[in-house]
Amino acid sequence: MLANWAARARSGKAMIWPGGLKLAMLSKKTRGAMVSVALNLRWGTEQALMGKSDAARMVGAMLLRGTKTHTREQLRDLFDKLKARVSVSGEATGVSVSVETTRENLPEGMKLVAEGLREPAFETKEFALLQQE
């Protein structure tokens with residue numbers, strides 16, 4: 001399966017952005033012009049990350065629970081308006097983001113995801129709610 005993906009990536013659009021982010025776009029016919037994005041961001045060294053997996057999972061869960069400019073409810077409403085399903089999970093070694101939306105809404109949806117990754121609010125009340133879940 002990985003070889004198939006690699007072959008399709010080579011035949012599609014592939015690029016490396018400044019900072020080393022590798023992007024491969026695979027063209028595939030979908031119903032309703034839907035697109036899927038899988039984003040995996042990795043960080044840290046084995047030594048630096050040792051014993052921090054619980055904290056990393058909490059950080060991942062908090063990323064889309066509000067930003068410096070949008071509350072969790074506002075983000076949810078904006079994603080709903082864009083017909084975007086977004087999930088974020090954290091691990092000691094990084095964060096994974098999954099986005100499904102329409103092709104025309106992808107740029108705006110990714111802007112909101114970037115806002116969540118770059119400017120999370122980490123509000124105390126949201127952390128308390130998360131601990132209760």
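Q: What share of the contacts in the protein with a separation of 6 or more comes from residues 24 or more positions apart?
A: Keep in mind that this is a predicted model. Contact here means heavy atoms within 4.5 Å. Looking just at pairs with a separation of 6 or more, the part that joins residues 24 or more positions apart comes to 62%.

Q: In what order do the elements of the protein run from the N terminus on?
A: There are six helices and five strands to place. Reading from the N terminus, the order is α-β-β-β-α-α-α-β-β-α-α.

Q: Which helix has the lowest mean pLDDT among the elements of the protein?
A: For the whole protein, the mean pLDDT is 81, and 80% of the residues reach 70 or more. Helix α4 (residues 72-81) sits at the top with 96. Where pLDDT is low, the predicted coordinates should not be read in detail. The element to treat that way, with a mean of 50, is helix α1 (residues 2-11).

Q: How do strands β4 and β5 pair, parallel or antiparallel?
A: β4 covers residues 85-91, and β5 covers residues 94-102. The two form a hairpin with two residues between them, and Ser87 stands opposite Ser98. Over seven bridges, their pairing is antiparallel.

Q: Which residue's side chain makes a polar contact with the side chain of Ser96?
A: Ser96 belongs to strand β5. Setting aside neighbours within four places in sequence, it touches Leu39, Asn40, Ser87, Val88 and Ser89. The side-chain polar contact, at 2.7 Å, is with Asn40.

Q: Which element gives the most residues to the largest nonpolar core?
A: That core has 13 residues, and Phe79, Val88, Val97, Leu112 and Val113 have the most contacts inside it. Two or more residues come from each of α4, β5 and α5 (106-118). With three residues, the top contributor is β5.

Q: Which residues does Leu112 contact, leaving aside its neighbours within four places in sequence?
A: Leu112 is one of the residues with the most contacts inside the largest nonpolar core. In soluble globular proteins, nonpolar side chains tend to be buried together. Beyond its sequence neighbours, Leu112 contacts His70, Leu75, Leu78, Phe79 and Leu82.

Q: Why are the buried residues of helix α3 on the same side?
A: The helix spans residues 53-62, and its buried residues are Ala56, Gly60 and Met62. They lie on the same side of α3 because the arc they cover around the axis is only 165°. What covers them includes β4 and α6 (124-132). So the value behind the shared side is an arc of 165°.

Definitions and conventions: Residues are numbered from 1 along each chain as its sequence is written. Side-chain values use heavy atoms; hydrogens and water are left out. Helices (H or I, at least four residues) and strands (E, at least two) are DSSP runs, numbered from the N terminus. A polar contact is a pair of N or O atoms within 3.5 Å; within protein, one must be able to donate a hydrogen and the other to accept it, and residues adjacent in sequence count only if both atoms are side-chain atoms. Two strands pair if DSSP finds at least two bridges between them. Buried means under 20% relative accessible area, exposed over 50%, partly exposed in between (1.4 Å probe, protein chains only). The arc is that of the directions from the helix axis to the C-beta atoms. pLDDT is the predictor's confidence in each residue, from 0 to 100. A nonpolar core is a set of buried Ala, Val, Leu, Ile, Met, Phe, Trp, Tyr and Cys residues joined through side-chain atoms within 4.5 Å.
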